[in-house]
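What follows is a guided reading of one chain, moving from its secondary structure to the way its elements pack and then to its interior.

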Amino acid sequence: MEGIAIGRLRDEGVQMKDAMEMAGDLAKQILSKVSSKIKIQLNGCKYPPKDYLSLHGKISSRPVLSVC
């Protein structure tokens, strides 16, 4: 998510050094919004999950969640 955050900040005209420093907070906001959307979509499934796997932490090249 930090890469996405840096890209958004750079698109807004923020210098790279400043974008890298500011990316952490923006990445948390982006992750929160994405997590909420995923939870809403999964709760709408016929058999919603009982729990969710946190998206925080190490980035994986494999998908973590599948949508029904």
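In this predicted model, the secondary structure of the protein chain comes to two helices and zero strands. Buried residues account for 19% of the 68 residues in the chain, and of the contacts with a separation of 6 or more, 31% join residues 24 or more positions apart.

The packing of the helices can be described through their axes: helix α1, residues 2–11, and helix α2, residues 16–43, meet at an angle of about 120°, their axes lying 7 Å apart. Because an angle that is neither under 35 degrees, nor over 145, nor from 65 to 115 counts as oblique, α1 is oblique to α2. The crossing in which α1 passes α2 is right-handed.

On the α1 side, this contact is made by Glu2, Ile4, Ala5, Ile6, Arg8, Leu9 and Arg10, which meet a set of α2 residues that includes Met16, Ala19, Met20, Ala23, Leu26 and Ile30. By character, the residues of the contact of α1 with α2 comprise twelve nonpolar, one polar and three charged. Ala23 gives a local view of this contact, since, leaving aside neighbours within four places in sequence, Ala23 touches Glu2, Ala5, Ile6 and Leu9.

The largest nonpolar core has nine residues, namely Ala5, Ile6, Leu9, Val14, Ala19, Ala23, Leu26, Ala27 and Ile30. Both α1 and α2 supply at least two residues each to this core, with the largest share, five residues, coming from α2. As a general background, nonpolar side chains in soluble globular proteins tend to be buried together.

Conventions: Residues numbered from 1 in each chain as written. Predicted model: local features only at pLDDT ≥ 70, side-chain atom pairs only at ≥ 80, totals over all residues. Heavy atoms only, no water. Axes fitted to C-alpha atoms, helices over the stretch in contact; angles between N-to-C directions. Helix = DSSP H or I, 4+ residues; strand = E, 2+ residues; numbered from the N terminus. Left-handed = near helix turned anticlockwise from the far one by under 90°. Contact = heavy atoms within 4.5 Å. Nonpolar A, V, L, I, M, F, W, Y, C, P; charged D, E, K, R; others polar. Core = buried A, V, L, I, M, F, W, Y, C linked by side-chain atoms within 4.5 Å. Buried < 20%, exposed > 50% of the residue type's maximum accessible area, 1.4 Å probe, protein only.
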